Amino acid sequence: MLGHERRSKVLAKLANARCELEDALNLSIPVARYDPVVIPEPARNRLTGVIEELEGVLRQIEGSQ
């Protein structure tokens, strides 16, 4: 596999992971007042940090072309 193909696959996997984490975070937010809390607030905050870190990694890899 050529270097740029491998790089593209890595970027795609990381971007997909970010999207999956964002979807999980969005699904965990209670919509109605009596909806159960799936992920507690501190864990949601940590998850937001992970998503931001992953976004930074993606930007760094994309910028190193």
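This is a short tour of two packed helices and the salt bridges on and between them.

**Before you start**

The model is predicted, and local features need pLDDT of at least 70, side-chain atom pairs count only at pLDDT 80 or more, while totals for chains, interfaces and linings use all residues. Residues are numbered from 1 along each chain as its sequence is written, and side-chain values use heavy atoms, with hydrogens and water left out.

**Stop 1: the two helices**

Select residues 3-28, which form helix α1, and then residues 41-63, which form helix α2. Helices here are DSSP runs (H or I, at least four residues), numbered from the N terminus. Two packed helices are described by the angle between their axes and the distance between the axes. At what angle do the axes of α1 and α2 cross? They cross at roughly 160 degrees and come within 10 Å. Each axis is a line fitted to C-alpha atoms over the stretch in contact, and angles run from 0 to 180 degrees between N-to-C directions. The two helices are therefore roughly antiparallel to each other, a label for angles over 145 degrees.

Now look at how α1 passes α2: the crossing is left-handed, meaning that the near helix is turned anticlockwise from the far one by less than a right angle.

**Stop 2: the contact between them**

Show the side chains where α1 touches α2. On the α1 side, the contact residues include L11, L14, R18, L21 and L25, and on the α2 side they include R44, T48, I51, L54 and L58. Contact means heavy atoms within 4.5 Å. The contact residues divide into 13 nonpolar, two polar and six charged. Ala, Val, Leu, Ile, Met, Phe, Trp, Tyr, Cys and Pro count as nonpolar, Asp, Glu, Lys and Arg as charged, and the others, Gly among them, as polar.

Next, pick T48, which sits in helix α2. T48 is partly exposed, with a relative accessible area of 30%. (Buried means under 20% relative accessible area, exposed over 50%, and partly exposed in between, with a 1.4 Å probe and protein chains only.) Add L21 to the selection: T48 and L21 are 27 residues apart in sequence, and their C-alpha atoms are 8.6 Å apart in space.

**Stop 3: R18 and its network**

Click on R18 in helix α1. Is R18 buried or exposed? At 17% relative accessibility, R18 counts as buried. Leaving aside neighbours within four places in sequence, R18 is in contact with I51, L54, E55 and L58.

R18 also forms a salt bridge with E22, with the closest N and O atoms 4.0 Å apart. A salt bridge is a side-chain nitrogen of Lys or Arg within 4 Å of a carboxyl oxygen of Asp or Glu. R18 and E22 are four residues apart in α1, about one turn of the helix. E22 is partly exposed, at 31%.

Move to α2 and select E55 and R59, whose side chains meet in a salt bridge of 3.8 Å, N to O. They are four residues apart, about one helical turn. E55 is partly exposed at 24%, and R59 is exposed at 52%. Show R18, E22, E55 and R59 together, and you have a network of salt bridges.

**Stop 4: the start of α2**

Finish with R44 and E41, which are three residues apart in α2, about one turn of the helix. Their salt bridge brings the closest N and O atoms to 2.4 Å. R44 is buried at 14%, whereas E41 is partly exposed at 43%. The whole structure holds four salt bridges.

Notes
Parallel < 35°, antiparallel > 145°, perpendicular 65-115°, else oblique.
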